[in-house]
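User: I would like to learn how to read the features of a fold, one at a time. Please start with the terms and then go to the case.

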Amino acid sequence: MSVRAGETFDVVRAVTDIEALLAAPLPATGPAVAEGEPDTGEWTVTAGEGFRIVPLWEGGSLDGTHGTEWDDADEAAEAQLALLVAELESRWGAHQQVAVHVALLLEQDGGPVPALFQALLDEDCHGDLAVWGPVSGEGRWVGVSVGHSDGDAPLVMAAVVSDRPIVAPGPPSWL
């Protein structure tokens, strides 16, 4: 769970969070480290060499949710992401779609997964990224996504800022 669990999605707050993320320092070196709220352990940020990832919104539990109710929750989360993407496109122009599922295939195959993508997978952020970049004078890249690791896990919308291009890793050798 993230610190955003139970919050109502607000596109203005999400953009403000992304602006703060763009202004924050990025680690120059080191492994990805996830941090949590001291009292609850709920995920607040993951930082690694050249990137930071934060949760923007987290939906409710989908445990026991099936059929139309599950589809409605998924569609609502995708609609919220579309609102955010439209707002960011008004600032930075068209985005590029970056697949995250390739990293999942690499992980399942036991192959190396780039640190940024491993950090996304570790936080159950399995949705493809809408990416812009570079978007600031510092040459930073921004990505946003919504997704989850399995049918019962809550949907999580996240943002990532990187000091290098955000591109999908190459596919596993068996593809």
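Analyst: Two strands pair if DSSP finds at least two bridges between them. Strands (E, at least two residues) and helices (H or I, at least four residues) are DSSP runs, numbered from the N terminus. In this predicted model, V131 of β5 stands opposite G143 in β6. Strands β5 and β6 pair in the antiparallel sense over 3 bridges.

User: What should I know about the numbering and the limits of the model?

Analyst: Residues are numbered from 1 along each chain as its sequence is written, and side-chain values use heavy atoms, with hydrogens and water left out. The model is predicted, and local features need pLDDT of at least 70, side-chain atom pairs count only at pLDDT 80 or more, and totals for chains, interfaces and linings use all residues.

User: How many helices and strands does the protein chain have, and in what pattern?

Analyst: The protein chain has 4 helices and 7 strands. Along the sequence they follow the pattern α-β-β-β-α-β-α-α-β-β-β. The radius of gyration of the protein chain is 16 Å, close to the 16 Å from the globule rule for 175 residues, so the chain is as compact as a globular protein of that length. That radius is taken over C-alpha atoms, and the rule is 2.2 Å times the number of residues to the power 0.38. The C-alpha trace spans about 40 × 40 × 40 Å along its principal axes.

User: In what order do the strands of the sheet lie?

Analyst: The sheet is open, with 7 strands in the order β1-β2-β3-β7-β6-β5-β4 and antiparallel pairing. Its edge strands are β1 (33-36) and β4 (96-98), each of which pairs on one side only. From one strand to the next the twist averages 25°. For angles, axes are lines fitted to C-alpha atoms, for helices over the stretch in contact, and the angles run from 0 to 180 degrees between N-to-C directions.

User: Which bridges hold at the two edges?

Analyst: At one edge, β1 is joined to β2 (residues 43-48) by 4 bridges, and the two run antiparallel. There G36 stands opposite W43 in β2. The hairpin of β1 and β2 has 6 residues between the strands, and G41 takes a positive phi near 80° in it. At the other edge, β4 and β5 pair in the antiparallel sense over 3 bridges. Q96 has V131 in β5 as its bridge partner.

User: Which helix packs on the sheet with a direction of about 170° to that of β3?

Analyst: Helix α1 (residues 11-23) does, and it touches β3 (51-58), β6 (141-147) and β7 (156-162). Helix α2 (residues 67-92) also packs on the sheet, touching β3, β5 (129-132), β6 and β7, and its direction makes about 165° with that of β6. Here contact means heavy atoms within 4.5 Å.

User: How is a pair of packed helices described?

Analyst: Two packed helices are described by the angle between their axes and the distance between the axes. Helix α3 (residues 101-108) and helix α4 (residues 115-122) pack at an angle of about 90°, with axes 10 Å apart. That makes α3 roughly perpendicular to α4. The labels are set by angle: under 35 degrees is roughly parallel, over 145 roughly antiparallel, 65 to 115 roughly perpendicular and the rest oblique.

User: Which residues make that contact?

Analyst: On α3 they are A103, L104 and E107, and on α4 they are F117, Q118, L121 and D122.

User: Which residues of α4 are buried?

Analyst: Buried means under 20% relative accessible area, exposed over 50%, and partly exposed in between (1.4 Å probe, protein chains only). In α4 the buried residues are L116, F117, A119, L120 and L121. They pack against β2, β3, β4, α3, β5 and β7. D124, which follows α4, has a positive phi near 60°.

User: What about the strand β5 and L129?

Analyst: L129 and V131 point one way from β5, A130 and W132 point the other way, and all are buried. L129 has a relative accessible area of 1%. Leaving aside neighbours within four places in sequence, L129 is in contact with residues including Q96, F117, L120, G143, V160 and I166.

User: Is R13 buried or exposed?

Analyst: R13, which lies in helix α1, is buried, with a relative accessible area of 18%. Not counting residues up to four places away in sequence, R13 touches R4, E7, T8 and L56. Over the protein chain, buried residues make up 44% of the 175 residues.
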